[in-house]
Amino acid sequence: MRLTLQTDYGFRILMYLGRVEEKGLVSAADIATMHRIPLNHVKKVITHLVKGGYILSVRGRSGGVKLALSADKIHLGDLIKYLDDRGNLLRCMDETLSTKEGCDFCILFATCALKSLLGEAKGTFVEAMNKYTLWDITKKTQFS
């Protein structure tokens, strides 16, 4: 399974905020510089994380972002499901596809057993990741 770039950036942002939470608010520019992520991508992911209730954002000159929850309350599987909400392993796993649309690109769409196996595997992956929290990975990560 490969996580989306948005999920990768989301993890990096949250891990950094978890590491520096005693410093208070952190600017998007500082996060972008620290992780060598384009600022526009950082802002997009921050907006998504704010909507999900993972971080708080304060506007203005002395504004920035910080964790909305303590790091030990953010389960990694739930975070992956939120950030990777359309992260289907195959195109045919997209629940918004109609049967006709699915059959237009794959003749096996209606009867394929691979979809359910991959769905089960993804569910198992998310369940396994939910055994861990942001705190578990933040405490073991060294930031330079």
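User: How are helices and strands assigned here, and in which order do the elements of the protein chain run from the N terminus on?

Analyst: Helices (H or I, at least four residues) and strands (E, at least two) are DSSP runs, numbered from the N terminus. In this protein chain the order is α-α-α-β-β-α-α-α-α, which comes to seven helices and two strands. A word on the source: this is a predicted model, where local features need pLDDT of at least 70 and side-chain atom pairs count only at pLDDT 80 or more, while totals for chains, interfaces and linings use all residues. Residues are numbered from 1 along each chain as its sequence is written, and side-chain values use heavy atoms, with hydrogens and water left out.

User: Thanks! How do I read a helix pair, and at what angle do H1 and H4 cross?

Analyst: Axes are lines fitted to C-alpha atoms, for helices over the stretch in contact, and angles run from 0 to 180 degrees between N-to-C directions. Helix H1 (residues 5-19) and helix H4 (residues 76-83) have axes that come within 9 Å and cross at roughly 135°. H1 is therefore oblique to H4; angles under 35 degrees count as roughly parallel, over 145 as roughly antiparallel, 65 to 115 as roughly perpendicular and the rest as oblique.

User: Which residues of H1 and H4 make the contact?

Analyst: Contact means heavy atoms within 4.5 Å. From H1 come Gln6, Thr7, Gly10, Phe11 and Leu14, and from H4 come Leu76, Leu79, Ile80 and Leu83.

User: And how does H1 lie relative to helix H2?

Analyst: The axes of H1 and H2 (residues 28-35) come within 11 Å and cross at roughly 110°, so H1 is roughly perpendicular to H2. On the H1 side, Arg12, Ile13, Tyr16 and Leu17 meet Ile31, Met34 and His35 of H2.

User: Now a single residue: is Thr138 buried or exposed?

Analyst: Buried means under 20% relative accessible area, exposed over 50%, partly exposed in between (1.4 Å probe, protein chains only). Thr138 sits in helix H7 (residues 134-138) and is buried, with a relative accessible area of 5%. Leaving aside neighbours within four places in sequence, Thr138 is in contact with Met15, Gly18 and Arg19. A polar atom of the Thr138 side chain also lies 2.7 Å from the backbone oxygen of Leu134.

User: How much of the whole protein chain counts as buried?

Analyst: Of its 144 residues, 34% count as buried. As for contacts with a separation of 6 or more, 67% are between residues 24 or more positions apart.

Notes: A polar contact is a pair of N or O atoms within 3.5 Å; within protein, one must be able to donate a hydrogen and the other to accept it, and residues adjacent in sequence count only if both atoms are side-chain atoms.
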